[in-house]
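Here are my notes on this one, in the order I would click through the viewer. Have the structure open while you read.

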Amino acid sequence: MALQGLHLYPFFIILLLLLSIIIIIPSYDCLQGDTLNHYLEEEEEGGGEAFGYDSQAYPSYFSPIEDGQFKDFIKLRSTNVLNLKIFDKVGSIPTSVKTVSVDDFRANSNDIDDAEAFQKAWVEACSSKGAVLVVPKNRYLVKPVRFSGPCKSNLTVRIYGTIEASDDRSDYEKDDRRHWLVFDQVQNLLVEGGGTIDGNGKIWWKNSCKVDKDLPCKDAPTALTFHKCQNLVVDNLKIQNAQQMHLSFQSSKDVQVSNLIVTSPKDSPNTDGIHVTHTQNIQITNSVIATGDDCISIASGSQNVQAMDITCGPGHGISIGSLGSGNSRAYVSGVTIDGAKLSGTSNGVRIKTWQGGSGIASNIKFQNIEMQNVSNPIIIDQYYCDNHKSCKEQRSAIQVKNVVYKNIKGTSASNVAIKFDCSKTYPCQGILMQDVILEREAGDHKAKALCNNVNLAEMGVVSPHCP
Ligand SMILES: *[C@@H]1O[C@H](CO)[C@@H](O)[C@H](O)[C@H]1NC(C)=O
Ligand SMILES: *[C@@H]1O[C@H](CO)[C@@H](O)[C@H](O)[C@H]1NC(C)=O
């Protein structure tokens, strides 16, 4: 009897293994997708921070089959990551298209404020069956405006001229200090034309708590915001001197951004170039961004974000985060930065999370990146703290996992070219470096890597190495 039992023992183990593979593998994808979707839904409903979220529940479904998923992710060709419905520029404008010019609504060309003309022109275009809203090659001074949808049909906004923001801060106090130009809930929208959007931000920069430490920290407007837009194309524009962020995509879906030139002085505070939050399927290509803060920042709720052929500098580089501030939950997944040149930026490619947050940042790929005199070329900072005071130690953290750094070359302005400062309680998982070569820009010291709590694999030539 005892002998028979022994014989059966291996069979039981094999059976158990098979069963667990059958059960765990399909439920994994499902679980992960559900978690994110569930989270996004909650956020949409305005839940946000209020929902209790047990970060401790995560490790149970991380580990067993992570490797397989990770390999699949690496295999993903970047072109497959996004499956955007490409906005057919020619096809999207029916032949019966109506042209509405903001000049049609201007009382006289010396108006001190053109917001009203813009608003009226928008209402006309938005309620037409197919329209092009034109901003001719003039200079327009504009107070905050909200272009609200939904519109009757597809819409093109063609900006040829210069739209300049009012620099009277009281113009923004009325209802919303955080936005200047907003497109809200518009579908099938194309914004293009080669014109300029100028936030006229000097007055805001001067009054920022980052510049004048005695002042209280207050919000300043984002120059151009797209909120809850779907099927959106933003092409060929100059956006400059934003009051705070230049361009923000919030709770939007299926977005293509291309051929932008985004500029402001390198000492202008919080002037992120392109900010992405709670947005799914967004592709940013062929753009030049030189500002005082992040070149591209990707915040919580973002999924399938692709940036290609991006030139950054000066500024703070390309950043995922910051995530998890104020003990919040955050999810970011499926970010590919493919083809970027960063020069003179304070960071290259960065993932930054606050202590005390929860959630996951996963499936992130940085590849084909050239660094020129970048202070922190590769950095994961899970102890990010942007407060006046230092941040106290907390156990909870965002889990960072499955991050690929591939073909990254160039020079570091500091001794530390690679810094993985991962959470003690949630070490970084599945970090892969392949063909990464970073040298010191100048000086006798060799570039080095600082690595804490990181689960790292290397392929090809990697220099410097973690100690
Ligand atoms: C509106 O845009 C959508 C998405 O780009 C496109 O599929 C559709 O054909 C357009 N409609 C018209 C009437 O052009
Ligand atoms: C590199 O960056 C450092 C610090 O930002 C700066 O002081 C130095 O002048 C830069 N070197 C070059 C060659 O641009």
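1. Let's begin in a strand. Ser 322 sits in strand β18, and the peptide bond leading into Ser 322 from Gly 321 is cis, with omega near 5°. Bear in mind that this is a predicted model. As background, most peptide bonds are trans, which is why I'd put this one on the list of things to look at.

2. There is a second cis bond further along. Ser 463 and Pro 464 are joined by a cis peptide bond, with omega about 0°. Pro 464 belongs to the segment after β27 (454-463).

3. Two backbone phi values also caught my eye. Most residues other than glycine have a negative phi. Ser 251, however, has a phi near 45°, which is positive in a residue other than glycine. Ser 251 is in the loop between β12 (247-250) and β13, and counts as partly exposed because it has 18 C-beta neighbours inside 10 Å. The other case is Asn 327, not a glycine either, with a positive phi of about 60°. Asn 327 is in the loop between β18 and β19 and is partly exposed, with 14 other C-beta atoms within 10 Å.

4. Now the annotated position. Which residue does UniProt list under "active site"? The record, an unreviewed entry, gives His 316. In the model, His 316 lies in the loop between β17 (302-312) and β18 (318-323). Is His 316 buried or exposed? Buried: there are 26 other C-beta atoms within 10 Å, and 20 or more is what it takes. Setting aside residues up to four places away in sequence, His 316 touches Asp 293, Asp 294, Thr 345, Ser 346 and Asn 347.

5. Asp 293 comes up again with another loop residue. Ser 264 and Asp 293 are 29 residues apart in sequence, with 9.4 Å from C-alpha to C-alpha. Ser 264 is in the loop between β13 (253-263) and β14 (274-277). With 29 C-beta neighbours inside 10 Å, Ser 264 is buried. Leaving out neighbours within four places in sequence, the contacts of Ser 264 are Gly 201, Gln 240, Asn 241, Ala 242, Thr 271, Thr 291 and Gly 292.

6. For a contrasting loop residue, try Lys 392, in the loop between β22 (376-384) and β23 (399-412). Lys 392 has 8 other C-beta atoms within 10 Å and is exposed, because the limit for that class is 12 or fewer. From Lys 392 to Gly 356 the C-alpha distance is 9.2 Å, with their positions 36 residues apart in sequence.

7. On to the strands. β17 runs parallel to β19, and 9 bridges join the two; Cys 312, for example, has Leu 342 of β19 as its bridge partner. On to β21 (residues 358-374): β19 pairs with β21 in the parallel sense over 13 bridges, with Thr 336 bridged to Lys 365. Of the 15 residues of β19 (residues 329-343), 12 are buried, so β19 is largely enclosed by the rest of the structure.

8. There is an open sheet of 11 strands, paired in parallel, in the order β4-β7-β10-β12-β14-β16-β18-β20-β22-β24-β26. What stands at the edges? β4 and β26 (448-452) do; each has a single partner strand, so one side of each is left without a neighbour in the sheet. On average, neighbouring strands of this sheet are turned by 15° against each other, direction ignored. At the β4 edge, β4 pairs with β7 (residues 179-184) over 4 bridges in the parallel sense, and the bridge partner of Ser 148 is Asp 184 in β7.

9. Finally, a helix. α5 (residues 115-126) has 12 residues and should span 16 Å at 1.5 Å a residue; its end C-alpha atoms are 16 Å apart, which agrees. Its buried residues are Ala 117, Phe 118, Ala 121, Trp 122, Ala 125 and Cys 126. Seen down the axis of α5, these buried residues fall within an arc of 155°, so they line one face of the helix. The buried residues of α5 pack against β1 (98-101), β2 (131-135), β3 (139-142), β4 (145-148) and β5 (155-159).

How values were computed
Residues numbered from 1 in each chain as written. Chains lettered and ligands numbered in written order. Predicted model: local features only at pLDDT ≥ 70, side-chain atom pairs only at ≥ 80, totals over all residues. UniProt positions renumbered as here; feature names shortened; annotations may be inferred. Contact = placed C-beta atoms within 7 Å. Pairing = 2+ DSSP bridges. Expected span 1.5 Å × (residues − 1). Arc of directions from axis to C-beta. Axes fitted to C-alpha atoms, helices over the stretch in contact; angles between N-to-C directions.
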